[in-house]
Amino acid sequence: MSTEPLPETLPTPTPETQVAKPDAAPKPAVHTTGFSAAPKPGTPRPGSKPIPEKWQRGEKPPQDNAKNPQNAVRDFDSYKPNKRDLDKDIEAELNAAMSAMAELPALDSPENPAEKAVGGRKKGRVLSIHGKDVFLDVPGGRSQGVLAIQEFEGAYPKIGDEVEFMIERYDSANGLLVLTLGGAVQAVTDWSGISLGMIVEARVTDVNKNKTGLMVEVNGIKAFMPISQADLYRVEQPEQFIGQKLKCVVIEVDIHDRNLIVSRRALLERERKMKEEEFWSKLEEGQVRKGIVKTIKAFGAFVDLGGADGLIPISELSWTRVGTAEEVVKVGQEVEVKIARLDREARKIGLSLRAMQGNPWDDFARDHRPGVRIEGKVTRIADFGAFVELAPGIEGLIHISELTTGRVRKVSDAVSEGQMVTVQIVNIDTDQRRIGLSLKAIAAEAEQAADDSETKEEADDREEAAALMATRKPSLNLRGGVGGTPFKFERQ
């Protein structure tokens with residue numbers, strides 16, 4: 001610690017601070033002889049100035065403080081350290097010492113500090129089995145791990161088997177790592193053996209009257225499971241669990257009131273979180289996965305894929321037009337979907353259900369070409385045209401300019417919803433899933449055919465009339481004039 005140093009010399013007493021002493025008895029006079037002798041210690045040498053009596057008693061002569069300011073006499077109280085500064089100095093030195101100690105490994109820890117990390121999943125081989133304890137070789141250090149044999153739930157391991165486990169804690173007394181399989185059932189004998197957070201096996205015996213929970217037993221101990229804690233999803237029929245044995249976690253226990261509440265959902269969520277990182281590491285676009293419909297919204301349906309939830313937009317539910325997601329899927333339904341989009345940073349997954357049904361646009365484009373006429377049903381009318389369903393999941397658009405050969409003010413003046421029409425394919429774009437249709441082309445062709453037919457009919461009539469005139473014989477009895485009176489021409 002840093003404190004201000006004390007002065008090298010004590011303050012010189014001043015006449016005011018000196019304590020009066022009684023007069024000393026007069027010393028006897030010193031008689032000298034004529035022989036020269038070495039002066040006694042403390043006596044002046046021959047020819048030097050006499051030394052004052054107070055200096056002979058061992059007191060130091062006053063120093064010239066004007067020439068040496070560092071030797072100036074100061075009050076001793078000014079050298080007392082400030083208490084706050086002293087506390088700060090002590091705290092700083094203590095923190096420095098503790099930080100240095102933190103860098104050193106703990107005395108009761110294994111050589112590799114990472115082995116003490118709780119929750120880290122590792123794989124090790126079974127070294128030996130003693131009673132109810134299974135000893136494993138933990139990789140990465142010299143410490144061994146111990147695992148309760150009851151966590152294997154009957155499928156007991158053998159020496160040399162590879163086991164995947166989690167590190168729960170470090171037992172410094174025995175120098176062993178306490179391991180767990182993560183989700184294994186623990187044995188319960190009575191109320192004293194039940195603790196918060198332990199995993200137990202509960203047998204469902206009944207459903208309560210209000211159907212708000214399940215009545216269960218844990219090794220003969222009655223317990224309760226709220227219906228919201230029975231599964232990750234909403235349970236519509238709680239009776240389906242009666243007679244089943246479910247792995248649960250204790251979420252509330254009161255030994256005095258004999259109250260025990262367990263949750264299966266908490267255990268499922270815990271296991272799901274453990275699998276989440278492994279799930280994302282193996283997930284890729286284009287993969288086909290199975291999942292369960294978790295919730296349905298106006299914009300689509302969420303599907304639980306086992307490690308995370310994905311969204312099926314309403315446009316990806318079916319190739320046909322869908323009004324609501326309930327028309328295609330239901331909550332709790334198992335579906336097979338394709339990973340359409342993947343955002344690892346935002347942890348978002350886009351799914352497609354219709355991709356598993358095959359693309360009808362490819363089949364339609366293979367069987368139909370522009371210029372082909374096909375019959376369809378008008379499904380919708382918009383301000384800019386009418387949509388016609390040509391095949392399941394395939395719709396085309398008749399633009400307002402392609403409805404008739406004349407001017408159209410309103411689409412409904414030309415066609416109506418539900419009407420069956422024969423249209424001509426103008427163009428097909430499979431990438432954008434667009435088909436252009438036309439009624440105008442068919443109408444114009446019909447009008448042109450009618451005009452051509454009329455023109456031909458008129459030409460045929462003229463040819464027929466000309467042919468008749470060419471084959472007609474002239475009449476010899478024809479005479480000019482009016483009536484039967486002969487015409488006479490008179491010169492005037």
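**Rings, charges and a bent helix**

A search of the whole structure, which is a predicted model, finds three aromatic pairs. One of them joins Phe-279 and Trp-280, whose rings are arranged edge-to-face, with 6.3 Å from centre to centre and 85 degrees between the planes. Phe-279 counts as buried because its relative accessibility is 8%, and Trp-280 counts as buried because its relative accessibility is 5%, the cut-off for this class being under 20%. Another pair is made by Phe-299 and Phe-302, which also meet edge-to-face, at 6.1 Å centre to centre and with 90 degrees between the planes. Here the surroundings are described by another word, since Phe-299, at 47% relative accessibility, counts as partly exposed, and Phe-302, at 25%, counts as partly exposed too.

The buried pair leads us to helix H3, where Phe-279 and Trp-280 are listed among the buried residues together with Arg-264, Leu-267 and Arg-272. Helix H3 runs over residues 264-282, and its 19 residues reach 27 Å from the first C-alpha to the last, close to the 27 Å expected at 1.5 Å a residue. Where along its course does H3 bend? The bend, of about 40 degrees, is found at Glu-276. At the start of the helix, a side-chain oxygen of Ser-263 comes to within 3.4 Å of the backbone nitrogen of Arg-265.

Arg-264 also takes us from the helix to the charged pairs, for it forms a salt bridge with Asp-231 in which the closest N and O atoms are 3.9 Å apart. Asp-231 lies in the loop between strand E8 and strand E9, while Arg-264 belongs to helix H3, so this pair ties together parts that are 33 residues apart in sequence.

The structure holds 10 salt bridges, and a further one brings together the side chains of Glu-217 and Arg-203, at 3.4 Å from N to O. This contact links distant parts of the chain, with Glu-217 in strand E7 and Arg-203 in strand E6, 14 residues apart. Glu-217 is partly exposed at 24% relative accessibility, and Arg-203 is partly exposed at 37%.

Glu-395 and Arg-380 form another salt bridge, their closest N and O atoms being 3.8 Å apart, and it connects strand E18, which holds Glu-395, with strand E16, which holds Arg-380, across 15 residues. Arg-380, partly exposed with a relative accessible area of 31%, brings us back to aromatic rings, as it lies over the face of Phe-387 at 4.0 Å from the ring centre. In a similar arrangement, Arg-354 lies over the face of Trp-319, at 4.3 Å from the ring centre.

Conventions: Residues numbered from 1 in each chain as written. Predicted model: local features only at pLDDT ≥ 70, side-chain atom pairs only at ≥ 80, totals over all residues. Heavy atoms only, no water. Helix = DSSP H or I, 4+ residues; strand = E, 2+ residues; numbered from the N terminus. Expected span 1.5 Å × (residues − 1). Bend = angle between axes of the 7 residues up to and from the residue. Buried < 20%, exposed > 50% of the residue type's maximum accessible area, 1.4 Å probe, protein only. Polar contact = N/O pair within 3.5 Å; in protein donor to acceptor, adjacent residues only side chain to side chain. Salt bridge = Lys/Arg side-chain N within 4 Å of Asp/Glu carboxyl O. Phe/Tyr/Trp six-rings, centres within 6.5 Å; stacked < 30°, edge-to-face > 60°. Lys NZ or Arg CZ within 6 Å of the ring centre and 35° of its normal.
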